[in-house]
Amino acid sequence: MTAPGSALTVHCSLLSTELATPLDVGLRRIAEAGFDGVQTEPPRAADLARFTGLVGEAALAVSGCCGITETQAAEPLFERAAAVGMISLNAQVDGYWRDDDWQDARIRELLDLSEQYRVPFFLETHRHRLTQDVRRTLALVGRHPTLALCGDFSHYTVMSELRAPWPDEWREALRSLAVRCGEIQARLNDGQRVQDPVELVPPAQQDEFFDLWRTARTQWHGPRFLATTELLPRSFGYDTTDLRGRPVGDIWQDSRQLLAELRRRLAGA
């Protein structure tokens, strides 16, 4: 049963159009592929006018993503996200080795900024961050009932080398986090790399991911549920090759394939 009033919205990471692609070309490519919006870092003040104009021409909504270091001031990111009209902001937040008091103070700060700037905030599940592992993340959301997540579950499946069928205890633990997600990042893997080409992920493994994403979709009660095809390019080190060293996969083709599958398998969830 679909959550009341919650609309499925699918965005594409701007990075999936490759770093060398001019902004206007990348935005046009995303719009023509049929995505509802684009996800990128909040633009800096000097780029705000141009970015806003090009996004408007492409008729795309915008969501935000960012990384926040331990010493970084978070408010400018929310301020920039609000200035460009981002529908939400997700973040990888450093400080996983800090104690609970430090982490809790950081989370309260981010939630307060989210309310102040009226930009929904989703804490991204990511290794080497506050959400380093499933146990720590479950404890974190337990202490912060209003904290919502961006589920990049590919990190956890790699940490535990999950391959279909996933063990029941792992599946249930991940579902416990999925019910707190207002966004998921649609990346697939076969248990060894954070991101695999769709063609290399067996159907049973794909089904495990889609079942997890469907759990998140059906349990979210916000105005929209965001799914982002955040497939990162080879320039980020995501380089899959065959035994002869030849590149395998195409992140742009995978992005469009995932768009179609997300709409087919989650829209009526």
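In this predicted model, Arg-263 and Asp-36 pair up in a salt bridge, with their closest N and O atoms 3.0 Å apart. The two partners come from distant parts of the chain: Arg-263 belongs to helix 9, while Asp-36 sits in the loop between helix 1 and strand 2 (37–40), 227 residues apart. Neither side chain is hidden away completely, since Arg-263 is partly exposed with a relative accessible area of 33%, and Asp-36 also counts as partly exposed, at 30% relative accessibility. This pair has company, as a search of the whole structure finds 18 salt bridges.

Another of these contacts brings in Asp-100, whose side chain meets that of Arg-136 in a salt bridge with an N to O distance of 3.6 Å. Because Asp-100 lies in helix 4 (residues 100–117) and Arg-136 in helix 5 (residues 134–143), the pair ties together parts that are 36 residues apart in sequence. Asp-100 also forms a salt bridge with Arg-143, the closest N and O atoms here being 3.7 Å apart. This second pair again links distant parts of the chain, with Asp-100 in helix 4 and Arg-143 in helix 5, 43 residues apart. Through salt bridges that share partners, Asp-100, Asp-104, Arg-136 and Arg-143 are joined into one network. For three members of the network the accessibility can be stated as follows. Asp-100 counts as partly exposed at 35% relative accessibility, Arg-136 counts as partly exposed at 25%, and Arg-143 is partly exposed with a relative accessible area of 31%.

Helix 9, the home of Arg-263, deserves a look of its own. This helix spans residues 251–266, 16 residues in total, and reaches 21 Å from its first C-alpha to its last, close to the 22 Å expected at 1.5 Å a residue. Its buried residues are Ile-251, Trp-252, Asp-254, Ser-255, Leu-258, Leu-259, Leu-262, Arg-265 and Leu-266. These residues lie on the same side of helix 9, because they cover an arc of only 160 degrees around the axis. What does this buried side of helix 9 pack against? The buried residues meet both strands and helices, namely strand 1 (7–13), strand 7 (181–185) and strand 8 (224–229), together with helix 1 (23–32) and helix 8 (203–219). At the start of helix 9, Asp-250 adds a further detail: one of its side-chain oxygens comes to within 2.9 Å of the backbone nitrogen of Trp-252. Trp-252 itself is among the buried residues of the helix.

The loops hold a few backbone features that are worth finding in the structure. Ala-164 and Pro-165 are joined by a cis peptide bond, with omega about -5 degrees. Pro-165 is found in the loop between helix 6 (154–159) and helix 7 (168–178). The loop between helix 6 and helix 7 is also the place of Glu-161, a residue other than glycine whose phi is positive, near 50 degrees. A positive phi, near 60 degrees, appears at Ala-59 too, again in a residue other than glycine. Ala-59 is placed in the loop between helix 2 (45–58) and strand 3 (61–68). Is Ala-59 buried or exposed? With 65% relative accessibility, Ala-59 counts as exposed, because the exposed class begins over 50%.

Methods
Residues are numbered from 1 along each chain as its sequence is written. This is a predicted model: local features need pLDDT of at least 70, side-chain atom pairs count only at pLDDT 80 or more; totals for chains, interfaces and linings use all residues. Side-chain values use heavy atoms; hydrogens and water are left out. Helices (H or I, at least four residues) and strands (E, at least two) are DSSP runs, numbered from the N terminus. The expected span of a helix is 1.5 Å times one less than its number of residues. Buried means under 20% relative accessible area, exposed over 50%, partly exposed in between (1.4 Å probe, protein chains only). The arc is that of the directions from the helix axis to the C-beta atoms. Contact means heavy atoms within 4.5 Å. A polar contact is a pair of N or O atoms within 3.5 Å; within protein, one must be able to donate a hydrogen and the other to accept it, and residues adjacent in sequence count only if both atoms are side-chain atoms. A salt bridge is a side-chain nitrogen of Lys or Arg within 4 Å of a carboxyl oxygen of Asp or Glu.
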